[in-house]
Amino acid sequence: MDTPMTKEKILSTLLSERANWETLLSTIDTSRMTQPGVAGEWSLKDIIAHIAVYEEWISVVIEELMRGETKTLDSAEPGDVDVDYRNARFFREHQHRSLPEVLEYSQNSFQHLLTVVQSLPEEELIGASPSFRSLLPAYWPDVPLWQAIAGDAWEHYHQHIPDIQAWAS
């Protein structure tokens, strides 16, 4: 049987999985990170930006929800319910950024997420129904908050690692 999730375990997993992600990235020469073809037309830089966008997005959404606000959720485009539409939009919004800008954005987004998770009461993270459940849109998954965070952080790394490893080899 799995060990019950705790805030300490969430933070530990977040940190260790991020270290693994950064270790993988460090094995790839930066001169290759802007070459398309890692996942379709996306370069490694684009994948790094893509993950950073989701880490930043969930950080901002959680902060707003904890204040009883839904500005970011309310400002979503109608097509954002569709993940492919949302991913294409995020790609268009960030593809112009330089590699150093994306790497810095990635570090900042992760630090923001880490700070948000550290600030949350454990019950908000692991409870079946966070205090802000009534503010969530219908498309938000009916899962504990930590699982939504995992999906936008360490599970998201794992979704892209096979493409990166195949491309890098």
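**Surface and charge**

I looked up the accessible surface first: the chain exposes about 8,800 Å², and 52% of that belongs to carbon and sulfur atoms. Areas come from the Shrake-Rupley method with a 1.4 Å probe, and for residues only the protein chains shown count as cover. I noted that this is a predicted model, where local features need pLDDT of at least 70, side-chain atom pairs count only at pLDDT 80 or more, and totals for chains, interfaces and linings use all residues. Residues are numbered from 1 along each chain as its sequence is written, and side-chain values use heavy atoms, with hydrogens and water left out.

Next I checked charge. The chain carries 27 negative and 12 positive side chains. Lys and Arg count as positive, Asp and Glu as negative; His and the chain ends are not counted. The centres of the two sets lie 3 Å apart. Each charge is placed at NZ of Lys, CZ of Arg, CG of Asp or CD of Glu.

**Overall fold**

I went through the secondary structure and found eight helices and zero strands. Helices here are DSSP runs of H or I with at least four residues, strands are runs of E with at least two, and numbering starts at the N terminus.

How does the radius of gyration compare with that of a compact globule? The chain has 16 Å, and a globule of 169 residues would have near 15 Å, so the two agree. The radius is taken over C-alpha atoms, and the rule is 2.2 Å times the number of residues to the power 0.38. Along the principal axes, the C-alpha trace spans about 45 × 40 × 25 Å.

I then looked at burial: 46% of the 169 residues are buried. Buried means under 20% relative accessible area, exposed means over 50%, and partly exposed is in between (1.4 Å probe, protein chains only). For contacts (heavy atoms within 4.5 Å), I took those with a separation of 6 or more; 73% of them join residues 24 or more positions apart.

**Helix H5**

H5 covers residues 99-119. Its 21 residues should span 30 Å at 1.5 Å a residue, and its end C-alpha atoms are 30 Å apart, so it agrees. The expected span is 1.5 Å times one less than the number of residues.

Which residues of H5 are buried? I listed Leu99, Val102, Tyr105, Ser106, Ser109, Phe110, His112, Leu113, Leu114, Val116 and Val117. An α-helix has 3.6 residues a turn, so residues three or four places apart point the same way. The buried residues of H5 pack against H1 (7-26), H2 (44-66), H4 (83-94), H6 (122-126), H7 (145-152) and H8 (154-168).

I picked Glu56 in H2 as a partner to check. Glu56 touches Tyr105, Ser109 and His112, leaving aside residues up to four places away in sequence. Glu56 has a relative accessible area of 21%, so it counts as partly exposed. Its C-alpha sits 22 Å from that of Thr6, 50 residues apart along the chain.

**Helix H4**

H4 has 12 residues and reaches 16 Å from its first C-alpha to its last, close to the expected 16 Å. Its buried residues are Arg86, Asn87, Arg89, Phe90, Phe91 and His94. H2 and H5 are among what covers them.

Is Asp84 of H4 buried or exposed? Asp84 is exposed, at 55% relative accessible area. The C-alpha atoms of Asp84 and Glu124 are 29 Å apart, with their positions 40 residues apart in the chain.

**The loop between H6 and H7**

I looked up two residues here. Ser134 lies in this loop and counts as exposed because its relative accessibility is 69%. Ser134 and Leu15 are 30 Å apart, C-alpha to C-alpha, and 119 residues apart in sequence.

Pro137 is in the loop between H6 and H7 too. Pro137 is partly exposed, at 22%. Its C-alpha is 9.3 Å from that of Thr70, though the two are 67 residues apart in sequence.
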